Amino acid sequence: MNVAIRRVFWGVVVLFALLVVYTARWSVIESDSLKRSSLNKIPALREWRDPRGPILTTERGTIARSVRSGSGDDVHYSRRYPLDVLFGHPAGYSYVTRGGSGLEKYYDGQLVGRKDEFVSVLDSLLGRKREAQSLVTALDEPAQRVARQALAGRVGSVVVIEPRTGRVPVYVSVPGYDPNDVRDSDGYARLNSDDGSPLFDRVATSAYPPGSTFKVVTATAAIDTGAYRPSSVVNGDSPKQISGTPLENSGGKSWGDITLTDALTHSVNTVWAQVGEDVGSDTMIEYMKRFGFYEKPPIDLPSDQLAASGLREHGELLPDETPIDVGRVAIGQERLAVTPLQMATVAATVANGGLRVAPRLAVSFEDRTGRTKDRVGVKRITRVMSAATARKLNEMMQNVIREGTGTAAALAGINSAGKTGTAERARGNQAWFIGFAPAEHPRYAIAVTVEQTTGQGGTVAAPIARQVLQNLLR
Amino acid sequence: MATGPLEAAARLERLAAQDGRAVLSARNRELFGLLPVALAVAAGFAGVLITREAEVNDATLTYGLAFLVFCLVGHLFVRWRLPDADPYIYPLAAALAGVGIVMVYRIDPELAREQAQWFVFGLAAFVAVGLLLRDLSLLERYRYTIAAGAMVLLIMPRLTGGVTNGAYLRIDLGPVEFQPAELAKIAVVIFVAAYLADTRELMVTYERRFLGVSLPPLRYFGPMLVVWAIAMLLLVFIRDLGSSVMFFGGFLALLYVATGRLSYVVLGLAMFVVGFLFFESTVGHVGARVDAWRNPLDPDLYYALGGSGQIAQGMFAQADGGVLGAGLGQSILTAGGDPVLPAAQTDLIYAVVVNELGFVGAVALLLVYLLFVQRGLKTAMLATDPFNKLLAAGLTAVFALQVFVIVGGVTRVIPLTGVTLPFVSYGGSSIVANFVLVGLLMVVSDGARRRHREGGLL
């Protein structure tokens, strides 16, 4: 019987070898793919065992911080947002159960202190803990507050860009949401089913018809190509046949022969439609692309939160070869749909002498002791137009504030530049204002939009821009 | 002369015995074997305590100390009543129990306290076996009583007990729950060993060939069918696939050892597979287990009640462990009070071991089990009486299969079923039954080795 017993032993050895192989399979060979499984909560839970770095305003006010809970080996951290609704959209949220959004998602790696595989293996052997970093943003709490209050509950958004650096001090979408409410599933369900769509980002996700603010893009194409000068004269009578159908000026007013400067100041549709037809759709689309249309804005937010601006239908960009009514595109009609972030970029580019800079919410990362670990530099600079063209547009836009449709945006003692817009939609007007200040050495470029209003860009959006710029230039 | 680890070990012992200076007596080797166990348990408790930082208190340390004192008490008993028994079986069992108490302590200190109490009961059972069963022919004589007892034990949960994960595994005895399959496995082995010790020669002598396969005469083949029927009964009525595999596998191993006929094993396996496939397609509980085993990461199965959630979470815990593990006390078992790894202290304790001690630690644990199996089979080889031989081989085979069934379930070699990891999982019946098993092996070993010593063979 001993021979058989010996064989039984070897049988057991074979079975145990199988156990060793399968243990290796899950713990070593397929470990990484198991960690990536969406069903696997352990990697996320492991990250929440250590605090995440805070998100700070430019004045080091706390937008997001981690609080400790649980005890023993069930210690974990979760996120709190002390400023509640104020920075809901740019900051986003991050919870084990819900994942993340906004800055929390985009800068997840830095906030957690995650490192690449090799460094982390080295660290674990040396007993070093990963180090969460603080995210210092350009966000300006007082200005953000003023922008929210100026919107006064009206659905819309305000976004400000510093033209030279691309930093974004104001990013407001109304209605907003309190990221603290997302923590429990009831709160999240309520926000999701709310008719006002408070989770929707009206700065970067919503695309609206831009109305007359788009005339700045048309003017750029007209002047930068050398086809027109600000003093070029075009007949501004109303109505005019554009693509076979009559187009009217606001109030049906005929302006006779006027300069492009005056046509921008008074937002004369027929003039800009003719200019657009003259410039042609290829050139118009070329300049739109230089401004950043037709791609997602290069801002530091998750891609699913960003929409590309341009000619769109059913939420999709139209292919370049699609026939378009370029005259109506030139005045911001047709199938144009643009995000406020894109329009702010247009204003910032003119303000920056024709150079377009990628907008950035983050400024720097700091370690626990407050030492700067990494600075977010100026990124993606594109020349959209010559400096001379930009100077001419700057002056034309100053005229809009001085004596045109944008007087309500005028600042006391500071020259500013801008353009209003009003797009008529099925349920009320889409009011717009884009601009920058001070006109001579621009520090802030702004875009303001208000949905479903009875007012005009000049009466509804321009005063909001004035309050926000006034506060920023305090 | 045959070679292999079993023979090599035996040869070493013979050499040691022949050497007049007597390197170390068996019992002193046993005592030294307990040293690394003591160190490992102390290190384990220290590790868990360091991770828990604030929660260091004296009471927790006393569990560890009490555990070691009881190990020593058991050792002294062996010195007194079983002086010739194999010197490694007891320290290996203690090492496994030590790993168990550290892991269970890490999961829940309160459970570790209960586990320590069960450990005392287990030692008492071990002592009782050593005291009462000096003559194992007693078991041989009462084989039918024992077999009947096993049947009653197995059917009781279906009549009185509670359902765990769709299986009838427990009997409620007031404050104590009892899993009868643990004791029944020993009873079944005793019965089969006794039966085969008598009939094995007749089975081989009177076998006939049928369709090219050697078959024993039906008269002796009958009991094989009975055991097969018990395994199927377990599968369908008790819904315990794990125990079913364990029992039937142990039976086949015994049948092979007794007759030396591989064809019987193949035939038995075929019968089991046919039965299993039939019930897989007809009994929902069995089929669901197999589906969960095949596609544990299918979201529908994952979220289904009694679906693949448990096995998937066990895989995730192993993935979290990696080569060297997260460290004692560093696995994530709960989040905000909710379990991340269900049944961590029983079915999935191997996943916790992989998570915290890594692939390396888990392989070390499997090696301890393999060494235990090696000692058990060595004992069987040394025994001269057929019943003792078959008893030791059968008990060891069932023990090895139990490890295979639960570790194989957690690592997805086979569908996951609810049997305990011997000595490591939390659970009173399991601890007590396995100490009885160790006691029986030690009694067999003591007798066999004494005969060898007296016969001048060792």
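The following legends describe four close-up views of a predicted model.

**View 1. Strand S6 of chain A and the two strands that pair with it.** Strand S6(A), residues 134–137, is covered on both faces, with A:Ser134 and A:Val136 buried on one side and A:Leu135 and A:Thr137 buried on the other. In a regular strand the side chains alternate between the two faces of the sheet. Strand S1(A), residues 55–56, runs parallel to S6(A) and is joined to S6(A) by two bridges, and within this pair A:Ile55 stands opposite A:Leu135. Strand S17(A), residues 362–366, pairs with S6(A) in the antiparallel sense over four bridges, and here A:Ser364 is the bridge partner of A:Val136.

**View 2. The contact between chain A and chain B.** Chain A contributes 35 residues to this contact, and chain B contributes 51 residues. On the chain A side, helix H1 (2–29), helix H2 (31–36) and helix H3 (42–47) each supply at least two of the residues that touch chain B, and H1(A) gives the most, with 19 residues. Sorted by class, the side of chain A that touches chain B comprises 20 nonpolar, nine polar and six charged residues.

**View 3. Helix H16 of chain A, its length and the elements that cover its buried residues.** Helix H16(A), residues 387–403, has 17 residues and should therefore span 24 Å at 1.5 Å a residue, the span being reckoned over one less than the number of residues; the C-alpha atoms at its ends are 25 Å apart, which agrees with that expectation. Among the buried residues of H16(A) are A:Ala390, A:Leu393, A:Met396, A:Met397, A:Val400 and A:Ile401, together with A:Lys392 and A:Gln398. The cover over the buried residues of H16(A) includes helix H10 (215–224), helix H11 (260–265), helix H15 (340–351), strand S20 (417–425) and strand S21 (428–437) of chain A.

**View 4. Helix H13 of chain A and the packing of its buried residues.** In helix H13(A), residues 281–291, the residues A:Ser281, A:Met284, A:Ile285, A:Tyr287, A:Met288 and A:Phe291 are buried. These residues lie on the same side of H13(A), because the arc that they cover around the axis is only 160°. The buried residues of H13(A) pack against several elements of chain A, namely H10, helix H12 (269–279), strand S13 (310–313), helix H14 (326–329), H15 and strand S16 (355–356). The residue that follows H13(A) is A:Gly292, which has a positive phi, near 110°.

Key. Residues numbered from 1 in each chain as written. Chains lettered and ligands numbered in written order. Predicted model: local features only at pLDDT ≥ 70, side-chain atom pairs only at ≥ 80, totals over all residues. Buried ≥ 20, exposed ≤ 12 C-beta atoms within 10 Å, placed from the backbone. Pairing = 2+ DSSP bridges. Contact = placed C-beta atoms within 7 Å. Nonpolar A, V, L, I, M, F, W, Y, C, P; charged D, E, K, R; others polar. Arc of directions from axis to C-beta.
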